[in-house]
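Please read the following report alongside the sequence and the coordinates, which are displayed just below.

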Amino acid sequence: MTLPGRTAYRDELTEIAADDPRVLCLEADLGGRNHPFAARYPDRFFNVGIAEGAMIDMAAGLAEGGYRPFVSTFAPFAALRAAESLKLALGYLGAGITVVAPYAGVSGGWFGTTHHCLEDFAVLRAIPGVTVAAPYGEEEMRAVIRRAARSGEPHYIRTGRNAAPVSLPWEGTDPPVVNWDDAGAGRDGTCLVSVGEVGTDLCLAVRRAQPDLPHAHLCFVDQPHLEQAAAELAGRFDRFIVVEEHRPAGSVASALALLLPGSEVRSVNAGDRWPVHGGSHEEVLNELGLNEAALWKALAPYAELPESTPAQKKEGRP
Amino acid sequence: MTTVVPEVTRPGLVLTSFPGAAPAAPAAVGTAASVLRERALAARRMVIDMAATPTGCHLGGSLSVMDILIAALDRTATDGDSEVVLSKGHAAAGLYAAMYATGILDEDPAAHYGAATHHFTGHPGPSVEGVRFPTGSLGHGAPYALGWALSRRLAGTPGLGIAVLGDGELQEGLVWETCQVAAAQRAGNLVIVVDRNGGQNDGLVADISPEPELAERFRAFGLEVRQVDGHDVETLREVFEPDRSDRDRPLAVIADTVKGKGLRPVEGKAASHYVTIDAARAAAWKEIVR
């Protein structure tokens, strides 16, 4: 049993704070009533109330005062409502603030469009100096939090709502630039590139049905990391399908396409529509057309696909 | 004419303690009011020089805020634990001049203001020696100063976070969001100063978006309020002197000022908001400024 990203964040930060008195935790009324950090370190915990812009700016003041503030609020409020504060504090000032943003993508499901965020990569990746991460599973989240606390550098970390996938294994301290999931895969053809919880779930699902498809998982998606990733990807393959829960504009796929001019880069993403219906996370993703069937469709021109894909079977189609 | 630049060094911040540590002794302050007035006059002359650069500058607001900045910077010049954040960043010319006159800045800003190869931009940023925070997009200085104030409380030191805002700037929601948080956090070492000169970019605050009962507004948010003459450096110095580490309410200082203060041809005129002049006019104005 693994923890959802936001729960893993709170737990890991509370552990780190035991050894680092510079670590502070700020919430904007969305940290829950039983925040473990607040229980153990009440003097270093600030629930500022519903004040996201002020929270980021306050964190800048705290960082300039010698501390390492971690702030958290839902992705739409962090990345969009407080966007200018992020630009100035994390970007221009380079303040050592870590923003942890749950509810990214449409993980808010029935909560609706105000609580969705399909635009955060576009915003945060455009701010130089910010490490942007989309950890998959508890272990990746914990490792990224440790990295942020250790480095004291600006980080934006997106996660979902309650999904708790099992991280892909890796060796070393930090998640690698590219985490290759290619056991049994061929060396030619199309490589799946996964970003975030949904993107990685979909790629793993396709890999289970067709293990000869190689898969490269990316945890860090800021420009410097993508430049390194592009070099590594280009060394092995020349055709990629990037899967991510984000709009096409400002997507990781669009960045990789520019970084890989000699390769073919396709994108499976959440599109440009506004989901107007309720439902679970999965149901909203289906409304947007971001699902396993979309990935099989993207693969169709390139791969020798199974006669009937798992997604087709699920839909009762041949 | 002589520019008064006293020898004052500004100690860098050293984080020496964390929650639970004993409070450090308050910094010694108390520069004579006459010295502060001399600094303010020298700085006003520098601002006029910056209005005579090819870019011009925000003259009226730089002159209105000058005495506030001179008094506040006098504390931070000798107390590296306190921080002045010019939230009304468009008065950058005034900030640079006040910092130079106080001895915080080594380089004469008037010679380089707005120049392509220099850091003295029209709104200040951290690449300028002695400036910590980027301001100019209005409202941000208040929460920066709040964060700074909370960091001093955590460190167990008596430093102040001093944010200097314009009255037009109070139209930004972020200011009131910050007051709400500051009161809830009992940040008694936060001081929000309003340079109430009555003007903003497009005209008068009273015409565009009036702010009646301003003192009551701050009180309603849970702040202490003082109303002062924003050109009385002696009173202003006293405002910034105390150790407020035992206070549990932030302080709002409503400082009544005159836009273009000290320069009779522009005093009180909304058009003084942004001014570009030639060298001859600058020379004449520097003779009459007071």
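The sections below treat confidence, the two chains, the domains and the interface in turn.

## Confidence of the model

The structure discussed here is a predicted model, and its overall scores are an ipTM of 0.94 and a pTM of 0.93. For chain B the average pLDDT is 91, with 90% of the residues scoring at least 70.

One stretch of chain B calls for separate mention, since the pLDDT remains under 50 over residues 1-29. The model nevertheless has 55 contacts beyond four places in sequence for residues 1-29 of chain B.

## Chain A as a whole

Chain A contains 13 helices and eleven strands, and its C-alpha trace spans about 60 × 40 × 35 Å along the principal axes. A compact globule of 318 residues would be expected to have a radius of gyration near 20 Å, and the 19 Å found for chain A therefore agrees with that expectation.

Of the 318 residues of chain A, 54% count as buried. Among the contacts in chain A with a separation of 6 or more, 72% are accounted for by residues 24 or more positions apart.

## The two domains of chain A

Chain A is divided into domain 1, covering residues 5-158, and domain 2, covering residues 179-310, and the centres of these domains, taken over C-alpha atoms, are separated by 26 Å. The contact between them takes 21 residues from domain 1 of chain A and 29 residues from domain 2 of chain A. On the side of domain 1 that touches domain 2, at least two residues each are supplied by α6 (120-124), β5 (131-133) and α7 (138-151) of chain A, and the largest share, three residues, comes from β5(A). By class, this side of domain 1 of chain A has twelve nonpolar, five polar and four charged residues.

An unreviewed UniProt entry places the feature "domain: Transketolase-like pyrimidine-binding" at residues 3-166 of chain A. Over residues 3-166 of chain A, the chain is 41% helix and 15% strand, and the C-alpha atoms at the ends are 9 Å apart.

## Chain B as a whole

Chain B has ten helices and seven strands, and its C-alpha atoms fill a box of roughly 60 × 45 × 35 Å when taken along the principal axes. For 290 residues, a compact globule would have a radius of gyration near 19 Å, so the 18 Å of chain B is in agreement with it. Of the 290 residues of chain B, 55% count as buried, while residues 24 or more positions apart account for 81% of the contacts in chain B with a separation of 6 or more.

According to the annotation in an unreviewed UniProt entry, "domain: Transketolase N-terminal" covers residues 43-286 of chain B. Within residues 43-286 of chain B, helix makes up 39% and strand 14% of the chain, and the end C-alpha atoms lie 11 Å apart.

## The interface between the chains

Where chains A and B meet, 24 residues of chain A are in contact with 30 residues of chain B. Both α3 (52-64) and α5 (83-92) of chain A supply at least two residues of the side of chain A that touches chain B, and α3(A) gives the most to that side, with nine residues. Classified by residue type, the side of chain A that touches chain B has 13 nonpolar, six polar and five charged residues.

Conventions
Residues are numbered from 1 along each chain as its sequence is written. Chains are lettered from A and ligands numbered from 1 in the order in which they are written. This is a predicted model: local features need pLDDT of at least 70, side-chain atom pairs count only at pLDDT 80 or more; totals for chains, interfaces and linings use all residues. Helices (H or I, at least four residues) and strands (E, at least two) are DSSP runs, numbered from the N terminus. The radius of gyration is taken over C-alpha atoms; the globule rule is 2.2 Å times the number of residues to the power 0.38. A residue is buried if 20 or more other C-beta atoms lie within 10 Å of its own, exposed if 12 or fewer, and partly exposed in between; C-beta atoms are placed from the backbone. Two residues are in contact if their C-beta atoms, placed from the backbone, lie within 7 Å. Ala, Val, Leu, Ile, Met, Phe, Trp, Tyr, Cys and Pro count as nonpolar, Asp, Glu, Lys and Arg as charged, and the others, Gly among them, as polar. UniProt positions are given in the numbering used here, feature names are shortened, and annotations may be inferred rather than shown by experiment. Domain bounds come from an automatic or database domain assignment. pLDDT is the predictor's confidence in each residue, from 0 to 100.
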